[in-house]
Amino acid sequence: MRRQRWYTPYLLVLPGVVWVFGFALWPFLNTVVLAFTDARPLRPVSFVGLANFQKLFDDERFVYAVTTSLVYVLVCVPLLTFLPLLLALLVHAKIPAIGFFRTTFYFPVIASAVVVAIVWEFLFSGSGTVNAGLKFFGLVDRPVEFLSDRWLLIGCAIGLTVWKGLGYYMVVYLAALGNLGRELHEAAAMDGAGRWRRFWSVTVPGVRGPMMLVSVLVCVAAMRIFTELYVLSNGSGGPGGRAMSMVMLIQSMGKGLNGQVGYASAISLVLFVMTLVPLAVVGVVNNQDLIREGAAERRMRRAARQVTRTEAAA
Amino acid sequence: MTVRRIIAAAAVASTALALAACTGGGTEAQSAPSGSGGDITGDITFQTWSLKNDKFTPYFEAVVAAFEKAHPGAKVNWIDQPAEGYEDKVLQQAESGELPDVVNLPPEYAYSLASAGQLTDLKSASKVLGDYVDGGVAAYTYDGLDGSYGFPWYLGTELNYWNKSLLAKGGVTEAPKTFQDALDAAEKLAAQGIQTISDVPSPKSLQSMVTDGGGTQEVFKDGKFVFNTPQAEAIIERYAALYKEGAISPEALANAGTANANVNNFNKGTVAWTTAGPNYIDKDVAVNAPTLLPDVEVTHGFGTPPLFVQGISVSSKSKNAATAMAFAEFVTNTENQIAFVKLAAGFYPGTKAANSDASAFAETAQNPEQQVATDLAASQMNDARMLGAPQYTEAMETYAKQQIALAVKGEISAKEALDKSVEYAQQNLG
């Protein structure tokens, strides 16, 4: 067998590196630079230092957008971490035709988010199905403003996200449940643990890894929410644009011939940093053992040093 | 409702009749180009906005063929962009130095591009600019910029459309003729649980609403945004009251800042009133909501009705400037404009000569109410004028509509909404 040339491995990774640099790193660095400029399309650019970031705090739309995104995260993470697990437990059972139910629950994942959001718009609009139903049963006199009230709109969008995400995360949990042996459950049952007890003490710890993964994925996705809110509000973000998410704000700020590209880049950068926070938390939680070990090691080394020092002094 | 939406709607409604009618494109290119120097040869690109379809494609192909025949050696590459995202497309082209040589631009986009030195000043480069209608040329002439930056191509306005059966249910026997009547009718209908309005006022539409009551309303004057007038405030306050009474659909607020929401609601038969372009009956109602057709009644636009203009601009970066100028003049000459508006019912050509005889381009209305609309549009074209201002961008309009939506909902006061919108516009000027 001929030996490969030294550069062969580099050659093999080159396309990937070029791709990452061209379509991820370069635009990212560009955004960082733009965030410190007053860039607008077709106009000369000048550096403005931190002015864009100062402007953020005076801009009520930014405050609304951050609030919307954070609320989205706070509501979506617990819902999309636990509901899919319960759903997975439900379809985990080996009963006839369970494949049909699994497919059904997975169905919303395949559907296009835009199409689904348009269907939800039909449901929740002033003359939509839900309002017509409420009116028919005499529960309301005039249509409920599902899509023109800030919190109801955000609520509808969250409902859509959760409904659409359930199936996807259910599959993740199904895989994990498959690896969870029956022995533990049997042992726990022998010890007299009830269903609830076994869920919390056997199932949940057993899927802890995937659960972490799911919560991080949900967290990042919720932080960057766009499609659901955009389609449900027809791109307006509700009255006053108060239900805009951060990505919607970036989009509306940066687009067009008069877009404020520099300012939009600054918001992007803030969003990037905000997305790092949950990732860091999970990183710490996931590597707790490593961190604990490291800390213990440091303590031991320090103790050892102290011992040597006292010995030397003696 | 923007013209491109109307055209997009028109695009959907392409018919065999139109195909048969469009033989006018292949006229001889007799007029010599007025562009100063250079031979009319080489390749140029011509870009239209959402006009490549069964109806308009044969027309443009014929125009291009006629031009190429008259100028051997010249080649026109016709491209078309989809209705959605045109602004971003044009921006992308301009930034990468690939703006088409001859390009269809609405006045606001042309203003941004002209400010950035991307467009040729037609006042100095073309000798035929005087042939075009003054209002149209004025739309492409901007404060603070010398010259004019587009040949007026086709012009339109906006009319009021009413759902007669909904009006009757609310006890209103006659379609409102003034804005005040419209609001009173809305109040009456609300008492019967019927919604009338599905749009919130914007600084642009407020211009028509205020002038209907005899007032004056400007958006931008002497370097300042001035649309926060007491009259505008009063109208928004009335809207807020009407909203409480149920005269305004919740969609009006949900969709504040998005085009066409009112037309869609009107088509669904959920509201009694909408504004739309002059070809709305034949091109939209007849196609998308035919059951509604017998109930629709059209009346003239309120106050100073809006004037919509589309124009043809020439890139200042064109490699074959003489060819580009010659083609821009050719595609917008009287003959070709008449042939074009024959296909786009309810719109008006951009040259003075073409407008001298309206019967030359009047398309036969397919529905009786369309004839009424066409006549009304013709009668109000002289009063129509561009609303807003070149400096007043879509982003400002969107922001203002959203604030006004909040005011209509009662979360902030009308004054607060208008003041905030003026402040926002002022901050983003330039």
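Biologist: What do the buried residues of α13(B) pack against?

Modeller: This is a predicted model, and in it they pack against β5, α12 (250-254), β8 and α14 (280-288) of chain B.

Biologist: Why is helix α13 (residues 261-268) of chain B called mostly covered?

Modeller: A residue is buried if 20 or more other C-beta atoms lie within 10 Å of its own. In this helix 7 of the 8 residues are buried, so "mostly covered" fits. They are A261(B), N262(B), V263(B), N264(B), N265(B), F266(B) and N267(B). After α13(B) comes G269(B), with a positive phi near 80°.

Biologist: You mentioned β5 and β8. What makes β8 (273-276) of chain B an edge strand?

Modeller: It pairs on one side only, and so does β9 (296-299) of chain B. The open sheet has 3 strands in the order β8-β5-β9, with antiparallel pairing. From one strand to the next, the twist averages 30°.

Biologist: How do you know that β5 (residues 159-163) of chain B and β9(B) pair?

Modeller: Pairing takes at least two bridges. These strands have 4 bridges, so they count as a pair, in the antiparallel sense. N163(B), for instance, has V296(B) as its bridge partner in β9(B). Helix α18 (residues 368-380) of chain B lies across β5 and β9 of chain B, at about 15° to β9(B).

Biologist: Over to chain A. Which residues make the contact between α8(A) and α9(A)?

Modeller: On α8(A), L184(A), H185(A), A188(A) and A189(A); on α9(A), R198(A), S201(A) and V202(A). The axes of α8 (residues 182-190) and α9 (residues 195-206) of chain A come within 10 Å and cross at roughly 145°, and the crossing is right-handed.

Biologist: What makes that contact 4 nonpolar, 2 polar and 1 charged?

Modeller: Leu, Ala and Val count as nonpolar, Arg as charged, and His and Ser fall among the others, as polar. So L184(A), A188(A), A189(A) and V202(A) are the nonpolar ones, H185(A) and S201(A) the polar ones, and R198(A) the charged one.

Biologist: Which residues have the most contacts inside the largest nonpolar core?

Modeller: I267(A), I236(B) and V408(B), in a core of 122 residues. Helix α7 (residues 150-179) of chain A gives the most to this core, with 11 residues. I236(B) touches several residues further off in sequence, including I404(B), A407(B) and V408(B).

Biologist: Why is the core with A74(B) and Y140(B) called separate?

Modeller: Members of one core are joined through C-beta atoms within 7 Å. The second core, of 65 residues, is separate, so no such link joins it to the largest one. A110(B) and Y154(B) are also among its residues.

Key:
Residues are numbered from 1 along each chain as its sequence is written. Chains are lettered from A and ligands numbered from 1 in the order in which they are written. This is a predicted model: local features need pLDDT of at least 70, side-chain atom pairs count only at pLDDT 80 or more; totals for chains, interfaces and linings use all residues. Axes are lines fitted to C-alpha atoms, for helices over the stretch in contact, and angles run from 0 to 180 degrees between N-to-C directions. Helices (H or I, at least four residues) and strands (E, at least two) are DSSP runs, numbered from the N terminus. A crossing is left-handed if the near helix is turned anticlockwise from the far one by less than a right angle, and right-handed if clockwise. Two residues are in contact if their C-beta atoms, placed from the backbone, lie within 7 Å. A residue is buried if 20 or more other C-beta atoms lie within 10 Å of its own, exposed if 12 or fewer, and partly exposed in between; C-beta atoms are placed from the backbone. Lists of a residue's contacts leave out its neighbours within four places in sequence.
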